[in-house]
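Please open the model in your viewer and keep the selection tool at hand. The tour goes from one selection to the next, and each stop says what is found there.

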Amino acid sequence: MEAPEGGATAGGAEQQVEPSAAAAAAAPSMEDWPVGDDFLLRESVEAGAALGAVARGILPFTRPYTRDQITERWRALLYDPAVARPAARRMAQYMIDADPRVAPLPTGPDFKRAYLARKKAAAAAA
């Protein structure tokens with residue numbers, strides 16, 4: 001006898017439901033973020049930037065990310081071994097190959113001007 005749609009059997013016991021393809025696709029993967037974006041995220045948070053500030057666009061990511069995407073990626077980089085270990089290897093190789101420079105935004109009265117210039121440059125590049 002088939003189980004009703006609610007996931008319960010005729011006897012009232014709950015039936016285990018396999019994870020859907022959509023749920024599997026929502027899990028963070030290596031292809032979600034370019035290695036340069038992972039590097040920028042790691043460097044900025046290690047330097048003390050809040051994830052909310054990162055989500056507001058203070059970093060020149062290759063594409064815009066939502067606060068939820070940034071938070072999910074940061075947690076995956078910290079706690080998900082399927083993401084963290086390969087990402088760490090990719091970032092180490094990226095630092096050797098690309099020799100990236102992370103320039104912090106200035107503080108004080110020049111902050112707004114620098115922030116707007118970066119946003120304008122990112123929009124022009126996209």
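Begin by selecting helices α2 and α5, whose axes come within 9 Å and cross at roughly 95°; here an axis is a line fitted to C-alpha atoms, for helices over the stretch in contact, and an angle runs from 0 to 180 degrees between N-to-C directions. That makes α2 roughly perpendicular to α5, on a scale where angles under 35 degrees count as roughly parallel, over 145 as roughly antiparallel, 65 to 115 as roughly perpendicular and the rest as oblique. The helices themselves are DSSP runs (H or I, at least four residues; strands are E, at least two), numbered from the N terminus.

Before going on, note that this is a predicted model, in which local features need pLDDT of at least 70 and side-chain atom pairs count only at pLDDT 80 or more, while totals for chains, interfaces and linings use all residues. Residues are numbered from 1 along each chain as its sequence is written, and side-chain values use heavy atoms, with hydrogens and water left out.

Now show the side chains where these two helices touch: V35, G36, D38, F39 and R42 in α2 meet A87, R90, M91, Y94 and M95 in α5, contact meaning heavy atoms within 4.5 Å. By class, this contact of α2 with α5 has six nonpolar, one polar and three charged residues (Ala, Val, Leu, Ile, Met, Phe, Trp, Tyr, Cys and Pro count as nonpolar, Asp, Glu, Lys and Arg as charged, and the others, Gly among them, as polar).

Next, select D38 alone, which is found in helix α2. Is D38 buried or exposed? At 0% relative accessibility, D38 counts as buried, a word that means under 20% relative accessible area, with exposed being over 50% and partly exposed in between (1.4 Å probe, protein chains only). Leaving out residues up to four places away in sequence, D38 touches W33, R73, L77, A87, R90 and M91.

From there, move to α4, where I70, T71, R73, W74, A76 and L77 are buried. These buried residues pack against α2 (35-46), α3 and α5 (81-98). You can also check the length of α4: at 1.5 Å a residue, its 13 residues should span 18 Å, and its end C-alpha atoms are 18 Å apart, which agrees; the expected span is 1.5 Å times one less than the number of residues.

Keep α4 selected and add α5, since α4 and α5 pack at an angle of about 90°, with their axes 6 Å apart, and are therefore roughly perpendicular to each other. The contact is made by R73, A76, L77 and Y79 of α4 and P81, V83, A84, A87, R90 and M91 of α5.

Then replace α5 with α3 (residues 51-58), which packs with α4 (residues 67-79) at an angle of about 130°, their axes being 9 Å apart. That makes α3 oblique to α4. Display the side chains here too, and you will find L51, G52, V54 and A55 in α3 meeting R67, I70, T71 and W74 in α4.

For the last close-up, select A122 in helix α6 (residues 111-125), which is partly exposed, with a relative accessible area of 36%. A122 and P60 are 62 residues apart in sequence and 6.4 Å apart in space, C-alpha to C-alpha.

Finally, zoom out to the whole protein, which has six helices and zero strands, and in which 28% of the 126 residues count as buried.
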